[in-house]
Each structure stands twice: as structure tokens, then as C-alpha cells.
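This report examines one protein chain, beginning with its charged pairs and ending with its overall make-up. Please consult the sequence and the structure shown below while reading.

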Amino acid sequence: MNSRRILLPLALTAVAALAYQGSYMVFAPASDAVTRAIAVKNTDSISISGTNVVVTPLGQPQSMLPISAIADLRILPNEDVIAIDMDRATVFNPLAFEGVSVEMVDKAVTVTSEYASDLNISVKGTGKSVKVYAAAGLNLVLDNAKLSGEGSAAVNIQTKKASTITLVGENVLADSAPYATPTGEKENGTLFSIGKITLQGDGSLSVSSAVKHAIASSKSITIKSGNVTVTGAASDGLHADGIALNGGSFTCAAVTGDGVDAGAETLVIDGAKVNVTSTADDVKALKADGDIFVRSGEVVFSVAGGQSKGFKTKANMYVEGGVMRATMTGGVVVTNGDPSYCTAFKTDSAFVMSGGELHVTSTGEAGKGISTDGDFTITDGVIDISTSGNGATYVDSTGVTDSYSATCITVDGNAYVYGGRLTLRSSGTAGKALKSDLAMVIGRPGEAATRLPLLPAVTPAAEVPVAVPAEAPAADSPVAVPAAWTMPTMPTPK
């Protein structure tokens, strides 16, 4: 082809060598769906030997392509993206001679790479699945892709390095049972990676799983931007060891397991809009075994299952900003004499609030707004909790009749109310506003009386009658503020 772009047909059998200029030499297939290409800068030579085209990459073994398998040769501008077009059932592979092979079978694509640099892959159209084996990281663009994942994950990333997934347009991923997972591999969700996943972009992603999690990683998941929706899952919506929701939106409903499960690591919400609807028993809307941090953004969750939780951590929860709104309708489950409650915020250690807003409406029996096994501390922010579920009696594991009731805030440790504004209403039988098993401190010790919060007079709700055996020792009475009270805004301590 000359500078005026006039095509000069020439039989390959009559050519002894090929000279080229540009960025890529492209070998278009005569029958195969995969178009192979090689970067000019990475090529030592391309020549004709009998009935074959001989390609010699720099520092790589020679490759031979039968002339009969080549429909045409072209030179294209620089491009290092493996482009998968599911609608046309075609693949463009610019790294075919640099250790990257691509196979497409019935719109299921497998990429196997020994390439030292990160792979760039784009997927568009309607197909089955994309699976990537790579030694390096992955940059994957989903461009209006709809993948059904028949008998497998829709997107399966088998690289321990970090992967970035960019969303363009509207993307839909699904799966179906059973997975035909090779021995020794993991495949735990419709969108799955054994390495870190970062989701970003201006597009959307809708994911469902009939087999396990919707989106899962053996490492961490970060959502930076884009609109991600889980429409259903046999287990969790998001599942990883560490999750950061730093932007965009995440919506989750109709999952059998937890909405968000950050595993043994931390859960951080800093700028995202999060909405989780949970109806199953004994699950969590948002969960982490490590600390939970809410710094900014908006979190809305609705929990209806018995003994289910909104936020749940085995460690500490820190609320530094943002707005959270919870609707809790689940009830109590008593197992072996031990009641477990539907609770909006449950921590096995401390609950610390220094900013933001927290709003809870709980209507289930003995529902809890905040329940912490450690200390409760608030220095700033707004807490507004309303519980209306009634209390009741139960028989504990020793055969003794006891009672439970709804509580806005339950603290097994010390309660330190140093600042912020609390509005607590508990209208059910024996309901309590704030209960602490240890000390309760309202305001900083030593502050002027005019700076301390005011606790308006209230009328306690009726207690649940409990028969106490005569021989039972008197229990230490926890400190409790009954029924309802509102604490005016207090200055943040210096």
C-alpha cells in the first residue's frame, strides 16, 4: 500500500520477504475467530518460507503460520488491547507472538498469558464468559457486555496481581450451575478474581449468581466509581478479604447471604452510596471481622430476618461522617436459652462516633439500635433511634425465666456521651433508651454545669414481669435511661 492508500494485491507464494512500516503487522485468519498480530517494535523479521509465513519476535522463538490459514495481512496503528467482540464472535490479539494466546469456543473466551506487563482486554457484546490466566495484572474494560456464564463464572480472573475493571455503558453478568471448575482453582462468584479487584468507570454493572457470591475476590474489592447492582445471589453480594466503597453506588437485594462481607479485614465506606435490602434470617447487611470505618457517603439498609444485623463487626466500628439510615423489622431467635436480636449496629468491641448521622427505626420484637460488647463513645454527630417492638420472657439455658426488651443503645462496657446529639425513643414493653452495664458518663467531667446535657423527665415503659427464685442472688443493676430522652447538641471536647 502506498501513501495514497491504493491496494496492491500480491500472492504470498510469490513473495520472498515482507517489508513493513507502522506499528502492528496483523494476520487475519481464514477461518479461526482469533486475529493475531505482532508489534513492529518487537519483531526481528517476518519472511516467507515455502508455504509458511515465518515470524521471528525479538528474544522469542520463531512461529510459523501456514499461508493457507491467512486471509490477509494488514498494518494497523499502535494498539495493545486484546479486543473481544462477542456479537461478531471475533478476537483481536496484538500479543499473539509475545506469550499471549486467546481461544474462543462458542463465545466462551480463555486468555492465557505469560506476558510480563499488565494485560489490556476489552469485552463487548453478548456472550458466555471470559477467563484470564495471567502472570501480571489485568486492565479489563466491560463495554456494554452481557455475559451469561453458562456453567462457569461470567468473568474469572486467575491472576494474583491486581485487576482494574472499567465499566462503559450497561453491563450484565450472570452464571448458572454447576460450575465446571478445574481442580486446584477457585471460582467463587459470577465476577471472581484470586487477586485484588478495583471497579471504576462511568457505566453500570448488574450481577446475579445462582451458584455462590455475586462479586468475589480472594483478596480485596474496591469500588471507586460506577453503579454496581447485585440483583440476587445464592450467597453474598460482595465477598472479599477487605472491602472499600469509595465512590459510585452499590445496591444489593435478594441475596441469601450477607450483602457485603469483608472477611477478616476492614470495611471502609468513604464517599459511596450504598443500599442493601436483606430479608434472610441470621445474615448481615454489611459485615467485617476487622474494623469498620464510615467516613462519608450515604448508607441505607433494610433488614427483616430474625436475629439478622445491619452492620456487624467482630472488632470496632468508627463513624466519622456520612449519613446512615436503617429500617429493622426482624425479631428475636432464642437458641438453647440464648436470645439473639435483630440489631442495626452490632460490635464485638467498641463503637466510636465522632461525626455524621445515624438514623434507625426498629419495629421488631426486642429490636436493638446499637449494641456493643465494649465501650460506646460519642464526641460529635447525630444519633436518632426509635424502637417500638415489645419485650417478652424466655427460659435461659439453666431453666430460669428471664426477659428481653427493645433498647435503643445497649452497652456491655462503659457509655461515654461526650458530645453530639442523641434522640432515643423506645415505646415497646420494657423498652429502654440507653443501657450500660458499667459506667455511664454524660458530658466531660469537670465541665461547667451549663455545658452538660439535659435529660428531660420521662415516663418509663411497663416492665416485663419476671419471677425471680428466692434463692437467686441479687444482680448488679445496670445503669439505664428508660423510655425516651433527647440530648441537646453539646460542644466537641478539646
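## The Lys131–Glu185 salt bridge

In this predicted model, Lys131 and Glu185 form a salt bridge in which the closest N and O atoms are 2.9 Å apart. The two partners come from distant parts of the chain, 54 residues apart. Lys131 belongs to strand β12 (residues 129-133), whereas Glu185 is located in the loop between β16 and β17.

The partners also fall into separate accessibility classes. Lys131 has a relative accessibility of 15% and therefore counts as buried, the limit for that class being under 20%. Glu185, at 22% relative accessibility, counts as partly exposed.

## The Lys312–Asp348 pair and its network

A salt bridge also joins Lys312 to Asp348, with 3.3 Å between the closest N and O atoms. Because Lys312 lies in strand β30 (residues 309-313) and Asp348 in the loop between β35 (343-347) and β36 (351-353), the pair ties together parts of the chain that are 36 residues apart in sequence.

Lys312 is buried, its relative accessible area being 13%. Asp348 counts as partly exposed, with a relative accessibility of 31%. Both residues take part in a network of salt bridges that links Lys312, Lys346, Asp348 and Asp373.

## The Asp85–Arg88 salt bridge

The side chains of Asp85 and Arg88 likewise meet in a salt bridge, with an N to O distance of 3.9 Å. This distance satisfies the salt-bridge criterion because the cut-off is within 4 Å.

Asp85 is classed as buried, at 11% relative accessibility. Arg88, by contrast, is exposed, with a relative accessible area of 67%. In total, the structure holds 14 salt bridges.

## A patch of positive charge

On the surface, Lys160, Lys186, Lys196 and Lys219 gather in a patch of positive charge. One member of this patch, Lys186, is found in the loop between β16 (170-173) and β17 (189-193). The loop between β16 and β17 also contains Glu185, the salt-bridge partner of Lys131.

With a relative accessibility of 47%, Lys186 counts as partly exposed. Patch membership requires over 30% relative accessible area and no salt bridge, so the value for Lys186 meets the accessibility condition.

## The surroundings of Gly203

Gly203 is located in the loop between β18 (197-201) and β19 (204-209). At 5% relative accessibility, Gly203 counts as buried.

Which residues does Gly203 touch, not counting those up to four places away in sequence? They are Leu167, Val168, Gly169, Gly226 and Asn227. For Val168, the C-alpha atom is separated from that of Gly203 by 4.4 Å, although the two residues are 35 residues apart along the chain.

## The chain as a whole

The secondary structure of the chain comprises zero helices and 49 strands. Of its 494 residues, 49% count as buried.

The accessible surface of the chain comes to about 21,200 Å², and carbon and sulfur atoms account for 51% of that area. Among contacts in the chain with a separation of 6 or more, 64% are between residues 24 or more positions apart. The link between Lys131 and Glu185, 54 residues apart, joins distant parts of the chain, and the pair of Lys312 and Asp348 ties together parts 36 residues apart.

Notes
Residues are numbered from 1 along each chain as its sequence is written. This is a predicted model: local features need pLDDT of at least 70, side-chain atom pairs count only at pLDDT 80 or more; totals for chains, interfaces and linings use all residues. Side-chain values use heavy atoms; hydrogens and water are left out. Patches are made of residues with over 30% relative accessible area and no salt bridge: like charges are joined within 9 Å, nonpolar side chains (Val, Leu, Ile, Met, Phe, Trp, Tyr) within 5 Å. Accessible areas come from the Shrake-Rupley method with a 1.4 Å probe; for residues, only the protein chains shown count as cover. Lys and Arg count as positive and Asp and Glu as negative; His and the chain ends are not counted. The place of a charge is taken as NZ of Lys, CZ of Arg, CG of Asp or CD of Glu. Helices (H or I, at least four residues) and strands (E, at least two) are DSSP runs, numbered from the N terminus. Buried means under 20% relative accessible area, exposed over 50%, partly exposed in between (1.4 Å probe, protein chains only). Contact means heavy atoms within 4.5 Å.
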